[in-house]
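Me: I've got a model open and a pile of labels attached to it. Can you take me through what earns each one?

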Amino acid sequence: MNRGPLELLHHAVDRTRALTRGRPATGRTHDDADPVAGSLATDSAQRFDPFPLLRALDAAGARAVVIGQVAGILHGSTELTGDLDLLWDGAPEHAGALARAFAAAGCTLLDDDHRPVPPGPQALLRPKVQFDSPQVSGDCCTPALPWGALPVRPLLDRALTAVDTDGLRVLYLRRDDLIRMRRALGRPKDLRRAEELERL
């Protein structure tokens with residue numbers, strides 16, 4: 001049976017919950033993810049549910065595009081993850097909608113040293129901000145973040161839209177763009193996941 005992108009993500013969330021249920025805490029967050037294994041082995045995976053934040057983003061009209069392994073899952077990757085990574089254009093006039101979505105989902109915003117930053121649009125006007133909530137953690141990035149030789153701004157304009165049965169709309173990278181991003185990052189997990197995407 002062929003599943004739609006968001007049905008694949010619902011299934012992955014269920015699999016992650018079953019796999020991590022009862023696992024002892026390690027104190028490791030998504031920011032401590034192993035470059036080979038990814039974030040599935042971190043504590044972030046035990047509470048992984050990106051849907052509350054995805055719904056808040058949609059409700060706020062925030063144009064944030066799903067990247068990373070959640071985008072891979074939306075394309076059919078079978079590897080699980082424990083975090084959600086997002087890409088947006090970094091324009092100040094769009095920061096308010098994004099800030100409202102993070103607040104609605106109960107997210108704390110953090111700097112690169114994992115220190116809380118004051119909530120609001122100004123917190124998002126940096127190349128990357130981390131977020132943490134009771135359901136999901138991850139990175140929210142802009143094109144200003146170093147991406148190697150990859151020009152990422154055009155990727156935003158080419159993003160796909162998945163629609164859930166209840167009308168939830170989720171933007172995510174095209175498969176070929178996600179492969180390019182994986183190869184530009186070049187970590188072992190990225191190269192392995194790029195190869196998987198090429199086989200799909």
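Reply: Let's start with charge. In this predicted model, the protein chain carries 26 positive and 27 negative charges, and their mean positions are 2 Å apart.

Me: What makes a residue count as positive or negative here?

Reply: Lys and Arg go in as positive, Asp and Glu as negative, while His and the chain ends are not counted.

Me: How do you know that the chain is as compact as a globular protein of its length?

Reply: Set the radius of gyration against the globule rule. The chain comes out at 16 Å, and the rule gives 16 Å for 200 residues, so the label fits. Along the principal axes, the C-alpha trace spans about 40 × 40 × 35 Å. Of the 200 residues, 50% count as buried. The exposed area is about 9300 Å², with carbon and sulfur atoms supplying 52% of it.

Me: What is the pattern of helices and strands along the sequence?

Reply: The chain has 7 helices and 7 strands, and they run α-α-β-α-β-α-β-β-β-α-β-β-α-α. As for contacts between residues at least 6 apart in sequence, 61% join residues at least 24 apart.

Me: Which residues of helix α2 are called buried, and what covers them?

Reply: Helix α2 covers residues 51-60, and its buried residues are Phe51, Leu53, Leu54, Ala56 and Leu57. The cover includes two helices, α1 (5-20) and α4 (92-104), along with the strands β1 (65-67), β2 (84-87), β4 (128-132) and β7 (169-172). Just after α2, Gly61 takes a positive phi of about 70°.

Me: Why is Arg55 called partly exposed?

Reply: Arg55 is found in helix α2 too. Its relative accessibility is 32%, and the label applies between 20% and 50%, so Arg55 counts as partly exposed. Leaving out residues up to four places away in sequence, Arg55 touches His10, Asp164, Asp166 and Leu168. Against Ala25, the C-alpha to C-alpha distance is 28 Å, for 30 residues of sequence separation.

Me: What makes His114 worth a look in terms of phi?

Reply: His114 has a positive phi of about 65° although it is not a glycine. Most residues other than glycine have a negative phi. His114 lies in the loop between β3 (108-110) and β4, and at 32% relative accessibility it counts as partly exposed.

Me: How do you know that Cys140 and Cys141 are in no disulfide?

Reply: A disulfide needs two cysteine sulfur atoms within 2.5 Å. For Cys140, the nearest cysteine sulfur is that of Cys141, 6.8 Å away, so that cut-off is not met. From the side of Cys141, the nearest cysteine sulfur is that of Cys140, again at 6.8 Å. The search of the whole structure finds 0 disulfides.

Me: Are those two cysteines buried or exposed?

Reply: Buried means under 20% relative accessible area. Cys140 is at 1% and counts as buried, and Cys141, at 5%, counts as buried as well.

Me: Why is Leu150 called buried, given that it lies in a loop?

Reply: The label depends on accessible area: Leu150 has a relative value of 13%, and the cut-off is under 20%, so Leu150 is buried. Its loop is the one between β5 (137-141) and α5 (153-157). Beyond four places in sequence, Leu150 touches Leu155, Arg180, Met181 and Ala184.

Me: What makes Pro35 partly exposed, and what is it in contact with?

Reply: Pro35 has a relative accessible area of 41%, which falls between 20% and 50%, so partly exposed is the right label. Pro35 sits in the loop between α1 and α2. Neighbours within four places aside, Pro35 is in contact with Arg187, Pro188 and Lys189. Pro35 and Asp190 are 155 residues apart in sequence, and 8.3 Å apart C-alpha to C-alpha.

Me: How do you know that Arg183 is partly exposed?

Reply: Arg183, placed in helix α6 (residues 175-185), has 37% relative accessibility and so counts as partly exposed. Outside its neighbours within four places in sequence, Arg183 is in contact with Leu191, Ala194, Glu195 and Glu198. Thr165 is 18 residues from Arg183 in sequence and 33 Å away in space, C-alpha to C-alpha.

Notes. Residues are numbered from 1 along each chain as its sequence is written. This is a predicted model: local features need pLDDT of at least 70, side-chain atom pairs count only at pLDDT 80 or more; totals for chains, interfaces and linings use all residues. Side-chain values use heavy atoms; hydrogens and water are left out. Helices (H or I, at least four residues) and strands (E, at least two) are DSSP runs, numbered from the N terminus. The radius of gyration is taken over C-alpha atoms; the globule rule is 2.2 Å times the number of residues to the power 0.38. Buried means under 20% relative accessible area, exposed over 50%, partly exposed in between (1.4 Å probe, protein chains only). Contact means heavy atoms within 4.5 Å. Accessible areas come from the Shrake-Rupley method with a 1.4 Å probe; for residues, only the protein chains shown count as cover. The place of a charge is taken as NZ of Lys, CZ of Arg, CG of Asp or CD of Glu.
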